[in-house]
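Here are some exercises to work through with the model open beside you. Try each task before you read its solution.

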Amino acid sequence: MAEKKTQKQLDREAVLRMEEAARSVVDFEAVLVEWNRFDENRERVERYHEVLRPEGVLITNFTSKNTSLFHDFDDKVKMHYNEGTVFPFPYYHLAWREAMKGDFLSMIYCNPEDMWQLIEDWLVALPVKKLTTKQADVLYLSAVQLFSPQDIAVYREKTDRAVRKLLAATIESIRSKIAPRIREQLESGYPQMTLEKRQFLEWYEKSKGVQQ
């Protein structure tokens, strides 16, 4: 018995027949309109099922050029909350929105010891994984929870100056480990070299006075 095809499959087969029969520019433009329609429908479905994050949020990716890892640690990334005017906190929080979609990774790994699990790029995740307990705590509070150095100082019963010093040393430790690896990737023609990594390497080597 022949498999029953869905309407979507039938529509795609119809467009394929249009594409095979197309001979003029007008015919191909009509085919292009149909394929664009399919793409728009697919992207709409994907957006419906995805939990989108504001650009630059640190909870999943420490490699954003807007984050404290690549620039001065005083530059904070805002979470773009609406202060609960529509959805009460914490239901508007990204981790809760992901959990309601069935993705619990951000909650499971939302702690200083496991936050490296949230980093997509292993090049950055590895040095974060190897941080000491004190370094991991201060980086987690600053980068993931977005606490200010003053808040961290109160929480850890330390001075503001001590927290800033530890945070700066932690970030510099990560930078010093990933910069040489990015240089190796760049010189070896690494196929997944991103513009963000190039910009970070250029900024880091310039700040250190490295001549290439």
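**Exercise 1.** Place aspartate 160 in the fold and list what it touches.

*Solution.* Step 1: Aspartate 160 sits in helix α8; helices (H or I, at least four residues) and strands (E, at least two) are DSSP runs, numbered from the N terminus. The model is predicted, so local features need pLDDT of at least 70 and side-chain atom pairs count only at pLDDT 80 or more, while totals for chains, interfaces and linings use all residues. Residues are numbered from 1 along each chain as its sequence is written, and side-chain values use heavy atoms, with hydrogens and water left out.

Step 2: Aspartate 160 counts as partly exposed because its relative accessibility is 26%. Here buried means under 20% relative accessible area, exposed over 50%, and partly exposed in between (1.4 Å probe, protein chains only).

Step 3: Not counting residues up to four places away in sequence, aspartate 160 touches Pro149, Gln150 and Ala153, where contact means heavy atoms within 4.5 Å. The C-alpha atoms of aspartate 160 and glutamine 150 are separated by 5.4 Å, with their positions 10 residues apart along the chain.

**Exercise 2.** Find where leucine 146 and glutamate 157 lie, and describe the phi of each.

*Solution.* Step 1: Recall that most residues other than glycine have a negative phi.

Step 2: Leucine 146 is in the loop between α6 and α7. Its phi is positive, about 60°, although leucine 146 is not a glycine. With 22% relative accessibility, leucine 146 counts as partly exposed.

Step 3: Glutamate 157 belongs to the loop between α7 and α8. Glutamate 157 has a positive phi too, near 55°. Its relative accessibility is 75%, so glutamate 157 counts as exposed.

**Exercise 3.** At what angle do the axes of α8 and α9 cross, and which residues make the contact?

*Solution.* Step 1: Two packed helices are described by the angle between their axes and the distance between the axes.

Step 2: The axes of α8 and α9 come within 10 Å and cross at roughly 115°. These axes are lines fitted to C-alpha atoms, for helices over the stretch in contact, and angles run from 0 to 180 degrees between N-to-C directions.

Step 3: On the α8 side, the contact is made by Glu172, Arg175, Ser176, Ile178, Ala179, Ile182, Arg183, Gln185 and Leu186. On the α9 side are Lys197, Arg198, Phe200, Leu201, Trp203, Tyr204, Glu205 and Lys208.

Step 4: Sorted by class, this contact of α8 with α9 has eight nonpolar, two polar and seven charged residues. Ala, Val, Leu, Ile, Met, Phe, Trp, Tyr, Cys and Pro count as nonpolar, Asp, Glu, Lys and Arg as charged, and the others, Gly among them, as polar.

**Exercise 4.** Which residues have the most contacts inside the largest nonpolar core, and which helices each supply at least two of its residues?

*Solution.* Step 1: A nonpolar core is a set of buried Ala, Val, Leu, Ile, Met, Phe, Trp, Tyr and Cys residues joined through side-chain atoms within 4.5 Å.

Step 2: The largest such core has 28 residues, and Met115, Val128 and Leu139 have the most contacts inside it. At least two residues of this core come from each of α5 (122-129), α6 (133-144), α7 (149-156), α8 (160-187) and α9 (195-208).

Step 3: Beyond its neighbours within four places in sequence, leucine 139 contacts Met115, Val128, Leu131, Val144, Leu167, Thr170 and Ile174.

**Exercise 5.** Is phenylalanine 38 buried or exposed, and what does it contact?

*Solution.* Step 1: Phenylalanine 38 is part of helix α2 (residues 25-49). At 7% relative accessibility, phenylalanine 38 counts as buried.

Step 2: Leaving out neighbours within four places in sequence, phenylalanine 38 is in contact with Asp11, Arg12 and Val15. A C-alpha distance of 9.2 Å separates phenylalanine 38 from lysine 8, 30 residues apart along the chain.

**Exercise 6.** How many helices and strands does the protein have, and what percentage of its residues count as buried?

*Solution.* Step 1: The protein has nine helices and zero strands.

Step 2: Of its 212 residues, 33% count as buried.
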